[in-house]
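This report follows two local features of the entry shown below. The account keeps to what can be computed from the atoms.

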Amino acid sequence: MTCGLLERGTIELYWYGELSQGERDEARRHLDRCLECRQALHDIEIIAAALAERPEVASPPGGDWSRFMAELSAAVAAEPRPKRTPPAESVTRAGRHRLVPYLASAALLALVTMSVFTLVRGRSATPPDGFRADVVMDVSFEARPPSLPDPALVSLSDQHFQRSKLVLLGLTTRDTAAPAAEDWEYERDLAATLLQDTRLYRRAVEEHGMTGLADVLRDLEMVLLQTSMSEGPDRESLEGIQRLIRRRDLLTRMSVVHAGGF
Amino acid sequence: MSDSDLIPRAAGGDPAAFQALVERHRPMVYRVAYQFAGNHHDAEDIAQDVFLKVFRSLDRFRYDAQLTSWLYRIVMNACIDHRRRQKSGGWVPGEEAEGTLLNMPEESPGPEARAYGGEIGQALEAEIGRLPAGQRVIFIMRHHQGLKLTEIAEALGLAEGTVKRQLHAAVHRLRHALTRANVLASANGAAGGGA
Ligand SMILES: [Zn+2]
């Protein structure tokens, strides 16, 4: 049987000092005669003591804020200027179609990355009055002309692409006859992480009508998905993944896109 | 320069002013985010979100309000949002299976977290990580920030009764988890019910 007072949370409130004077006196009297509540109070004290030892971590590892600040300024740069919240349609369509044909690939990537950022951020935020993720995204065209790719952005998407290629290379060179289990978990986790980003890039790219790049990213997504969902490096799934990479000529296509200025 | 000097400048598009604001408040934001998330990866995500939201709503900041309490509110909501986002994933093929895969492996605690607290600390850390987002935020706010239940209720836009119940649920859950893990004294003596 659980004591009713305990069930109602009174003991916690007592401990937290959230009871009125009268309730407090009553709880104290109750504690004197109820072992269960005394034990609960004791448990809470132990928990609180352990929590007090929880480390205070107030910065990224090593106190290095540089990456954090770079990402933040990239995200902020992709935002519409505060105060001006332009209406949706006008900026959107006109902006996209006017710009796309003129994009050099490096700038294009920066653009895509910015959109990805805003997609991510747009999804994450409960948008403040009237903001919509897609509006925010398209406004980013206006916020930063595509001729000026942010170096931080380019290097981020470049990293993503390089890491994806490494995973693919690792997968294609694995021996299907004797697949080793050691690195599989790492590879699978990495694939799962990359998958998320790839999907966002792909969406942004599609959004801007870049079908060639979107195709490459879609295939990459498929490989990463299969990898991330494989239980282990068994021969069958590994062969399946390798076939997929070969059939889609994925590595070559990635290199071509990449050499184009990623 | 004070916050109230920096905010209008940042709202007017001065990047240096915004950066100064971020630099001033990032330790607090990060600390809360880390307390909530228990790892750097998610803490950074949350902190990014917070400052982006700050940026977006600079022009709506009420100057009679304290920046720090406004920030607290944003941090708490960002923590809850972050969790919700992790859960919902949100894309098309193979959604469920993949969602599970992507969300399951929570980053293992950093060296800071691993160093603390022995058995109880570890069990506690694991269980805090399993609390539903709302409960976790309320619990963290109460314990680490020392906020009163009324303050939490106000910040989250919840009824005080709801906050009380959530806090109760969180503590209840932690107690039972620790009891199950055999790290609380009452686990040994009171397994069959003490009263
Ligand atoms: Zn009792």
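Cys3(A) has a relative accessibility of 14% and therefore counts as buried, since it falls under the 20% limit. In this predicted model, Cys3(A) provides its SG atom to the zinc ion, whose other protein donors are His30(A) through NE2 and Cys34(A) and Cys37(A) through SG, with distances lying from 2.0 to 2.3 Å. Along the chain, the donors follow the spacing C-x26-H-x3-C-x2-C. Within this set, Cys3(A) and Cys34(A) link distant parts of the chain, being 31 residues apart: Cys3(A) sits in the segment before helix H1 (4-7) of chain A, whereas Cys34(A) belongs to the loop between helix H3 (21-33) and helix H4 (35-52) of chain A.

The arrangement around the zinc ion is tetrahedral because the 4 donor atoms subtend angles of 97 to 124°, and a tetrahedral assignment requires all angles to lie between 85 and 135 degrees. For reference, the ideal angle for four tetrahedral donors is 109.5 degrees.

Relative accessibility is tabulated here for three residues of chain A.

| Residue | Relative accessibility | Class |
|---|---|---|
| Cys3(A) | 14% | buried |
| Cys34(A) | 7% | buried |
| Trp15(A) | 30% | partly exposed |

Trp15(A) lies in helix H2 (residues 10-16) of chain A. Leaving aside neighbours within four places in sequence, Trp15(A) is in contact with Leu41(A), Ile44(A), Glu45(A) and Ala48(A), and also with His143(B). Of these partners, Ile44(A) is 29 residues from Trp15(A) in sequence, while the C-alpha to C-alpha separation of the two is 7.9 Å.

Terms used
Residues are numbered from 1 along each chain as its sequence is written. Chains are lettered from A and ligands numbered from 1 in the order in which they are written. This is a predicted model: local features need pLDDT of at least 70, side-chain atom pairs count only at pLDDT 80 or more; totals for chains, interfaces and linings use all residues. Side-chain values use heavy atoms; hydrogens and water are left out. Donors are N, O and S atoms within 2.8 Å of the metal (3.2 Å for Na, K and Ca); water is not among the atoms, so sites may look incomplete. Four donors count as tetrahedral if all angles lie between 85 and 135 degrees; four count as square planar and six as octahedral if opposite donors are over 155 degrees apart and all others between 65 and 115; anything else is irregular. Helices (H or I, at least four residues) and strands (E, at least two) are DSSP runs, numbered from the N terminus. Buried means under 20% relative accessible area, exposed over 50%, partly exposed in between (1.4 Å probe, protein chains only). Contact means heavy atoms within 4.5 Å.
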